[in-house]
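Visitor: Hello! Could you show me the structure and walk me through a few of its parts?

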Amino acid sequence: MSGEQVFVSHAPDDLSLVQDLFSTVKNFPFGVHITLEEIESGRFRKRLEGRLANSDVVVAILTEDATDNTWIDQEIGYAVAKGILVLPLSDEGVSRRGYISDVEGVTIDRNNLSFTIFNLLCRLRSELAPLGALSVPNWYIRFPCTVPDCGHPVTLELEQGQTKLWKLHAHGKYLTTSCEVCESTYYFNPATIGFLGREDGISRQSASRSRS
């Protein structure tokens, strides 16, 4: 996984939903381009076409608000014409018509966005880094340690398959990774890879000494 691009096509009224769905997805080392964010940041439609043309996956958010949105239809049609994979994310009951009527998508569960994000990650992980014969695609997120005066790069590697990650989530388990310099530990939700908290290395060392 290196340099892949994901283009998110959506209706203006769905921007908040899209940002919730992609808040953790954007932490992975590939580009995520959300149309309204791109436009509001000052990029013109012509430049947005370049983002679309260079995408590996187009995620189409299909809700009631998106039903009559001509931009979404055009972006889907453009992707299909260019041979770019289109992944529909749709509300229950919203039909997928035209080029993507038979494309397997992900259903948006508004009451359980964690499950929706998990399924979205399943599909993206499958499409952007297909399973090899003997290996699981190794995804990761990298971020600077947030402990004051540290800032050392910290990496959370995802060596588990999606089924294993969901089982960890279902059993209340966390994913963890530590800073090699200050030894602080970071905790993440296995389903969404969302950040849950940090335990400072100094605090942990103090607690260990007090127990001994």
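Visitor: In the open sheet of 3 strands, what is the order of the strands?
Guide: Happy to help, and do keep in mind that this model is predicted. The pairing in this open sheet is antiparallel. Reading across its 3 strands, the order is 8-9-10.

Visitor: Which strands stand at the edges of that sheet, and why is one side of each left without a neighbour?
Guide: An edge strand here has a single partner strand, so one of its sides has no neighbour in the sheet. From one strand to the next, the twist averages 20°. The two strands at the edges are strand 8 and strand 10 (195-199).

Visitor: Which residue is the bridge partner of T176 in strand 9?
Guide: Let's start with the two strands involved. Strand 8 (residues 175-178) pairs with strand 9 (residues 185-188) in the antiparallel sense, over 4 bridges. T176 is on the uncovered face of strand 8 together with S178, while L175 and T177 form the covered face. Across in strand 9, the partner of T176 is Y187.

Visitor: Which residue takes a positive phi in the hairpin of strand 8 and strand 9?
Guide: The hairpin has 6 residues between its strands. One residue there has a phi near 65°, and that residue is E183.

Visitor: Now to another part of the chain. Is H10 buried or exposed?
Guide: H10 is in the loop between strand 1 (5-9) and helix 1 (15-22). Its relative accessibility is 6%, and the cut-off for buried is under 20%. Because 6% falls under that cut-off, H10 counts as buried.

Visitor: Which side chain does the side chain of H10 join in a polar contact of 3.0 Å?
Guide: Leaving out residues up to four places away in sequence, H10 touches several others, including L15, V18, I61 and I72. A polar atom of the H10 side chain also lies 3.2 Å from the backbone nitrogen of L36. The side chain that H10 joins at 3.0 Å is that of T35.

Visitor: How about I76, is it buried or exposed?
Guide: I76 is found in helix 4 (residues 70-81). Not counting residues up to four places away in sequence, I76 touches A60, V86 and I100. Its relative accessible area is 6%, so with a cut-off of under 20%, I76 is buried.

Visitor: What distance separates the C-alpha atoms of I76 and L52?
Guide: Along the chain, I76 and L52 are 24 residues apart. In space, their C-alpha atoms are separated by 9.7 Å.

Technical notes:
Residues numbered from 1 in each chain as written. Predicted model: local features only at pLDDT ≥ 70, side-chain atom pairs only at ≥ 80, totals over all residues. Heavy atoms only, no water. Buried < 20%, exposed > 50% of the residue type's maximum accessible area, 1.4 Å probe, protein only. Contact = heavy atoms within 4.5 Å. Polar contact = N/O pair within 3.5 Å; in protein donor to acceptor, adjacent residues only side chain to side chain. Pairing = 2+ DSSP bridges. Axes fitted to C-alpha atoms, helices over the stretch in contact; angles between N-to-C directions.
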